[in-house]
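Open the model in your viewer and keep the selection box at hand. We will go from stop to stop, and at each one there is something to pick and something to look for.

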Amino acid sequence: MKSTSTIRQIGQLVVCMVFSLTAGVVWSQSTVTGVVTDSENGEPLIGANVLVKGTTTGTITDFDGSYSVSVPDGANTLVISYTGYSELEVDIAGQSTIDVSLSAGTALDEIVVVGYGTVKKSDLTGAVTSVTEEDFNAGVITSPEQLLQGRAPGVQITSASGEPGAGMNVRIRGTSSVRSNNNPLFVVDGVPLSGDETSATGNAEGLGRTAAKNPLNFLNPNDIVSIDILKDASATAIYGSRGANGVVIITTKSGSQGSGVLDYDYSIGFSNISNRYDLLSRDEFLDAYTDFNGASAAASLDAGGNTDWQDELFRTGVTHSHNLSFGSGNELGNYRFSMSYFDQEGIIEDNGLQRISGRFNGQRKFLDNKLTISTQFTVANTHDDNVPNTDNSGFRGDLIGNIIKANPTMPVYNPDGTFYQDGGIVEPNPLAMIKLSQMFTNTLRSLGNISAEYQITDGLSFKTVVGFDQSVSSRTDAFSRDLVVGDIENIGRLSIDDISVSNKLWENFFTYTKSFGSIGFTGLLGYSYQEFDRSGKGLQYSQFRTSDLDVMVNNVSAAENSAGTNSFRTIDELQSYFGRVNLNISERFLLTGTLRVDGSTKFGPGNKYGYFPSFAGKWRLIQESFIPDVFSDLAVRVGWGLTGNQEIPHNLFTERQRYGGYDIDNGGTNINGGGLGTVAFANPDLKWEATSQINVGIDFGFSNNRISGSLDYYYKNTNDLLIQVTAAQPAVQPFVWTNLDADVINQGIELGLNIVAVDKSNFSWNINANAAYNDNVVENCNCLINTGRINGQGLTGAFAQRIADGQSLYAYFLREFGGYDSEGVSLYPNGDVQVFTGDSPLPTLNMGLTNSFTFGNFNASIFFSGQFGHTIYSNTANAYFTAGSLANGRNVTKDVVGNGEGRLNAPDVSTRFLEKGDFVRLQNASLGYTVPLSPDSKIQGLRLYFTGQNLAVFTSYSGQDPEVNVSKPIDGVPSFGIDFTTYPRARTFTLGANVQF
């Protein structure tokens, strides 16, 4: 990682200075003072906003709820607001002391962001979950998805690994598509993101492919105020072809009313590996090896060292986070600036992520408040220091694979200080793998929009939005010729892969709101255009005349050979027309109808446009006289909708050919490739993948909503599945993109529950729980599609999953293991054939439970999450934890010794390596303290906090962690639930301080 000591010292110095600031404030004008309290219990409200209406003059209340504000001549009204409470305006009328009591707003008054607008929670007709800043996960958070993990019913979020910046898999109401992207559509401040990777995968020469980083890492989580998840089709249909997998709407912070608040937040975190592999020690390894091969062979294998390779590679990773913001506002507008520096060290040497980001959000009214100009803009520069850990390493293994299997008698260094590498190209020194390589990615990304909304008449407005999303990313992977690994030794290799993205948005829509007696009408009519421009290129270099990695990276002329591996540019367009009608009849019946028409250049003329309607209704039973008084809220919702999916590569409906890229052969001398090949064959009938969904829900509340929640049932059917089909050879066309005539059914139940268990003046206890059950099955499919490639020595061509009729997506297809015979050979009672085992990698049950407490100036929370009903295939154990590996001089876990397996037993893909994946995780626990300050302090607010993440995992899974999903595709068909040398997850403790001036 790059040195950041200066920045760290500045941050630590600022935090220290915060505690010593006690100077008073001298007010130059006459003032109004008072106390702001809770109307129900009389407790002071700390941090309430007090604004002189029509000005930018204001303040916030201190630790005892008191305030003091200067009132300019002519001002006559104070506006007092506080999160979770109803805003109040008070006439000044010459008063010098004004005490105010605010009433808590109900959850039904909360504003929820939906497509192209907002609604009160009580007026929602679709299945929408809103997660606000108060409920976000805390600690070391790299990307927005981590804020949500376990917080919303029906939303499963799985990190690909524990590496900083690793990719995230988000599934809303199950997995629906075979080949297309299953992640939801992300919309940031009104700009829909493309969903494509913004950084390249890596090329760890001879060790496999390293995954691309999470494209959402550019967003600073500290800038986010709320995340709204649209789950059913009646809510997502307004996004048409991009809403089949749900929609996640991210809203960033705006300036609050008042004279301005300067906010600084600093935290430092410490991370360590949460669970190590239980590997053999030096003596245990030699004893076990002797049992297989004899004492003479063991003596020859003994290299004289005593190395715990996990100690050598794993470290305490330190994370520093600085967030600085300033915002202000009045009745005419608001603004907020923010800057952030985030530096996360991984728990493996020389690995981490650094991000510098800035954001501006602003809004201003003109022309007698009829015209509103708004803008949101963010830019981030992210630097990733990568390590050679891959998804598909072979017999040599990647970094984690070699940490696992490295001979513990092998020393780290030679007597002269160079790396010991006498293990040869098959058994590399794991520490040398990272010290003699330089792998990093630099990504610069900007996202923004500017909009103008004009109030044409009362109730009728027009809004136009211009948005952009641009990024440039360069990935460099360099390996010194001194590294004794595969095709690198005495050669030296360098690969550079660049990706550029330039997406544009233009949207225009009218909104009309009108009341006709007891009927409220809101109509939306609009047009949208998006262009997705994506390009990239790759270069390879070999036969370097130097071993110096810095020279290799900065002066490619030091290489004797070079080749352009690939280049591309694609431009896709999406043109849309959309409309929505909302009817509110007597505050009892709510109706919503939506239609979106999408035209995509990814499909041929006959199927270019797709039509995506939805309908929903809600009956607010609480308004009926026959409902018992025990209910404080009761409503029934019903909805149906059709959404689409067009997340496939560029132009697959016409026949296209292109020249292939070049590469340098294993010897580092010859350049191969460049031939003309077909990338797509004609299929003018290729059309949209479609998902229809029915949702029935109940919203309820008891005891003045001290107990409240929602219960939903859904049935989701995805058909016309987009997939590449390989033809039986010989054939005129080796493959074709087509719509698979099959159905993927997801159906389930979701429960969200909120309980105010205790609400006293000096103590409160709130419980938030969610649970979701989902059943996934493939129906009407005359298909057999293999996926889940298994890697390792002797496993060429092996796979573990198959998609077929009557099974879940990615169902396990394995030999059924029945122990060992007397010779230590695997027994397969049902024959040496692969069969469906009845197991699925897809969890059927996801749960989350949060307990939040306040006591005096302290607040605390503890959060558990869990997944159940699924199984994990350990490709790691299949490749490394076998008697054959031990007999060949590779280290193994202790459970391999004496398990009855013989040294010549083949490591076949079987249920031997299939395990239950159920787990409960103590995901997050936090404690905060709001420091009391004197009224004349220059500091308006000071909060200290401590957070622990991934504190405990309760599971029977024998691997490092049960939350896994390494990409193991075959012919582009993804897999799920396979564990293969996954970067370990960390346990993290964070200390921080937040100060406001």
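Start by selecting residues 784–789 and 799–804, which are strands S40 and S41 of this predicted model. The two strands pair in the antiparallel sense, with 5 bridges between them. For a reference point inside the pair, show Ile 785, which stands opposite Ile 803 in S41.

Now widen the view to the whole sheet. It is an open sheet of 4 strands with antiparallel pairing, and the order is S40-S41-S42-S43. Which strands stand at the edges? They are S40 (784–789) and S43 (835–836); each has a single partner strand, so one side of each is left without a neighbour in the sheet.

Next, select Cys 781 and Cys 783. A disulfide joins Cys 781 to Cys 783, with an S to S distance of 1.8 Å. Searching the whole structure turns up 1 disulfide. Turn the view to look at the S-S bond: the angle about it is 115°, and the link of Cys 781 and Cys 783 is right-handed. Are these cysteines buried or exposed? Cys 781 is buried at a relative accessible area of 7%, and Cys 783 counts as buried too, at 12% relative accessibility.

For the next stop, select residues 493–516 and 519–544. These are strands S26 and S27, which run antiparallel and are joined by 24 bridges. Thr 511 makes a handy marker here, as it stands opposite Leu 524 in S27. Follow the chain to the hairpin of S26 and S27, where 2 residues lie between the strands. Gly 517 takes a positive phi in this hairpin, near 65°.

Keep S27 on screen and add residues 559–585, strand S28. How many bridges join S27 to S28? There are 25, and these two strands also run antiparallel. To find your place in this pair, label Leu 539, which stands opposite Gly 564 in S28.

Time for a helix: select residues 282–293, helix H4. H4 has 12 residues and reaches 16 Å from its first C-alpha to its last, close to the 16 Å expected at 1.5 Å a residue. Colour its buried residues, which are Arg 282, Phe 285, Leu 286, Ala 288 and Tyr 289. Then look down the axis of H4: these buried residues fall within an arc of 165°, so they line one face of the helix. The face turned away from that buried side carries the exposed residues Asp 283, Asp 287 and Asp 291. To see what covers the buried residues of H4, add helices H5 (295–301) and H11 (883–887), which are included in that cover. After H4 comes Gly 294, with a positive phi near 95°.

Move on to Ala 235 in helix H3 (residues 233–236). Ala 235 counts as buried, at 13% relative accessibility. Leaving aside residues up to four places away in sequence, Ala 235 touches Ala 127, Val 128 and Leu 230. Try a distance label from Ala 235 to Asn 203: they are 32 residues apart in sequence and 41 Å apart in space, C-alpha to C-alpha.

Finish by colouring the model by confidence. The mean pLDDT of the protein chain is 89, and 95% of its residues reach 70 or more. Over residues 1–28, however, the pLDDT is below 50, and this stretch has 52 contacts in the model beyond near neighbours in sequence. Where pLDDT is low, the predicted coordinates should not be read in detail.

Notes
Residues numbered from 1 in each chain as written. Predicted model: local features only at pLDDT ≥ 70, side-chain atom pairs only at ≥ 80, totals over all residues. Heavy atoms only, no water. Expected span 1.5 Å × (residues − 1). Buried < 20%, exposed > 50% of the residue type's maximum accessible area, 1.4 Å probe, protein only. Arc of directions from axis to C-beta. Contact = heavy atoms within 4.5 Å. Disulfide = S-S within 2.5 Å. Pairing = 2+ DSSP bridges. pLDDT = per-residue confidence, 0-100.
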